[in-house]
Amino acid sequence: MSSGAGKIACVTGASGYIASWLVKFLLQRGYAVRASVRDPNDPKKTNHLLDLDGAKERLHLFKANLLEEGSFNSAIEGCECVFHTASPVLLSHDSAIKDPQAELLDPAVKGTLNVLNSCANSPSVKRVVLTSSTAAVAFNGRPRTPDVVVDETWFSDPEVCKQANKWYVVSKTLAEDAAWKFAKEKGIDLVAINPSMVIGPLLQPTLNSSAAVISNLINGAQVFPNLTFGWVDVRDVAKAHIQACEIPSASGRYCIVETVAHNSEVVRTLRELYPSLRLPEKCADDNPFVPTYQVSKEKAKSLGIEFTPFEVSLKDTVESLKEKNFVSF
């Protein structure tokens with residue numbers, strides 16, 4: 001696993017769910033890792049990183065803020081590969097977002113350009129891997145039904161999303177769009193990773209938005225939301241980032257989705273895995289279930305990704321939530 005020996009990589013937003021696994025795998029591969037966090041003195045944000053194998057020797061924490069120009073310069077200078085994962089994730093309820101511009105759009109878009117600008121100014125940087133999302137892929141007003149295959153050629157339409165108040169989707173779409181334009185203009189070698197709803201074990205001590213979707217179903221929800229998501233394991237997403245950095249021919253964007261399932265299916269799988277759980281029996285509304293669709297795995301497989309089956313990821317999520325006392329049964 002030591003193909004990163006002697007190489008330096010930067011991970012922005014390193015305390016996050018995907019980023020923590022990315023740091024873990026990079027250290028395992030022998031990389032020296034520069035990890036940016038907003039507050040290096042907050043043990044909740046850093047202890048789980050400092051405890052990783054190899055951290056003592058090869059992990060360096062940097063303080064950086066998405067909206068502070070130049071604050072990523074020192075973390076990025078001298079790095080060969082930069083993983084930009086820092087971006088606000090507010091999936092809760094778009095209605096709970098008071099000021100989408102300040103809460104989501106500015107940190108996502110300006111933050112991405114801020115990081116890319118630091119990359120453009122550092123001659124050592126050979127490639128930048130951007131953590132995007134299928135949110136930037138699948139929302140373009142085209143119908144998604146079981147026979148439709150979404151792939152990397154799809155781009156979400158910000159106007160369609162604004163009208164639907166899907167502000168998280170807007171933020172990821174605009175950020176990725178801005179990143180491609182900037183990279184082209186500055187000659188940055190950029191690759192985007194577009195995962196769907198990410199589940200699997202948590203390294204960080206706090207509950208992240210996508211794992212919360214699962215804990216909500218277990219923690220006494222009366223109904224399940226009438227929603228369909230793509231699902232993928234956090235470990236596969238982290239591996240995809242590293243492959244995108246290390247495989248010279250990697251380019252463009254990569255949808256990283258193991259399966260697409262309606263919440264009713266998630267509940268059914270949970271029931272099979274944990275027959276004693278009290279799970280919601282009915283849907284939150286009487287409308288027909290939002291249909292499932294397919295997401296192409298062709299490009300993901302070219303990165304050498306072998307997907308963890310959804311049931312395994314789901315079980316590992318529940319065990320992790322249990323271990324961290326986010327659920328009890």
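1. The expected span of a helix is 1.5 Å times one less than its number of residues. In this predicted model, helix H5 covers residues 100-120, and its 21 residues should accordingly span 30 Å. The C-alpha atoms at the two ends of H5 lie 28 Å apart, which agrees with that expectation. The agreement should be read together with a bend in the helix: H5 turns by about 45° at Asp106. A proline, Pro107, follows within four residues of the bend.

2. Helix H7 (residues 167-186) may be examined in the manner of H5. Its 20 residues should span 28 Å at 1.5 Å a residue, and its end C-alpha atoms are 28 Å apart, in agreement. After H7 comes Gly187, which has a positive phi near 70°.

3. The sheet is the next topic. Seven strands make up an open sheet, in the order S3-S2-S1-S4-S5-S7-S11, and their pairing is parallel. Which strands stand at the edges? They are strand S3 (59-63) and strand S11 (252-256); each has a single partner strand, so one side of each is left without a neighbour in the sheet. From one strand to the next, the twist averages 20°. As general background, the strands of a sheet pair through backbone hydrogen bonds, in either a parallel or an antiparallel sense.

4. At the S3 edge, the partner is strand S2 (residues 32-37), and S2 and S3 pair in the parallel sense over 5 bridges. One residue pair can be named here: Ser36 has Phe62, in S3, as its bridge partner.

5. Two helices that pack on the sheet deserve comment. Helix H7 touches strand S5 (127-131), strand S7 (190-195) and S11, and the direction of H7 makes about 165° with that of S7. Helix H9 (residues 234-246) also packs on the sheet, where it touches strand S4 (81-84), S5, S7 and S11. The direction of H9 makes about 155° with that of S5.

6. Strand S11 thus appears both as an edge strand and among the contacts of H7 and H9. Is S11 mostly covered or mostly uncovered? It is mostly covered, as 4 of its 5 residues are buried. On its paired side, S11 runs parallel to S7, and 5 bridges join the two strands. Among the residues involved, Val191 has Gly252, in S11, as its bridge partner.

7. Ala136 belongs to the loop between S5 and strand S6 (149-150). This loop residue is buried, with a relative accessible area of 2%. What does Ala136 touch, leaving out residues up to four places away in sequence? Its contacts are Trp154, Phe155, Ser156, Lys172, Thr173, Glu176, Asn194 and Arg253. Arg253 lies 117 residues from Ala136 along the chain, yet the C-alpha atoms of the two are separated by 11 Å.

8. Asn263 is located in helix H10 (residues 263-273). With a relative accessible area of 2%, Asn263 is buried. Apart from neighbours within four places in sequence, Asn263 is in contact with Leu217, Phe224, Pro225, Leu227, Phe229 and Trp231.

9. The cysteines call for a statement on bonding. How many disulfides does the structure hold? The number is 0. A disulfide requires two cysteine sulfur atoms within 2.5 Å. For Cys245, the closest cysteine sulfur is that of Cys81, at 3.0 Å, which is too far for a bond. For Cys119, the closest is in Cys10, at 7.4 Å, again too far for a bond. Cys245 counts as buried at 15% relative accessibility, and Cys119 counts as buried at 4%.

10. Two asparagines should be checked for their backbone geometry. Most residues other than glycine have a negative phi. Asn165, in the loop between helix H6 (158-163) and H7, has a positive phi near 60°. At 44% relative accessibility, Asn165 counts as partly exposed. Asn325 also has a positive phi, of about 60°, although it is not a glycine. Asn325 lies in the segment after helix H12 (310-323) and is exposed, with a relative accessible area of 67%.

Note on methods:
Residues numbered from 1 in each chain as written. Predicted model: local features only at pLDDT ≥ 70, side-chain atom pairs only at ≥ 80, totals over all residues. Heavy atoms only, no water. Buried < 20%, exposed > 50% of the residue type's maximum accessible area, 1.4 Å probe, protein only. Pairing = 2+ DSSP bridges. Axes fitted to C-alpha atoms, helices over the stretch in contact; angles between N-to-C directions. Contact = heavy atoms within 4.5 Å. Bend = angle between axes of the 7 residues up to and from the residue.
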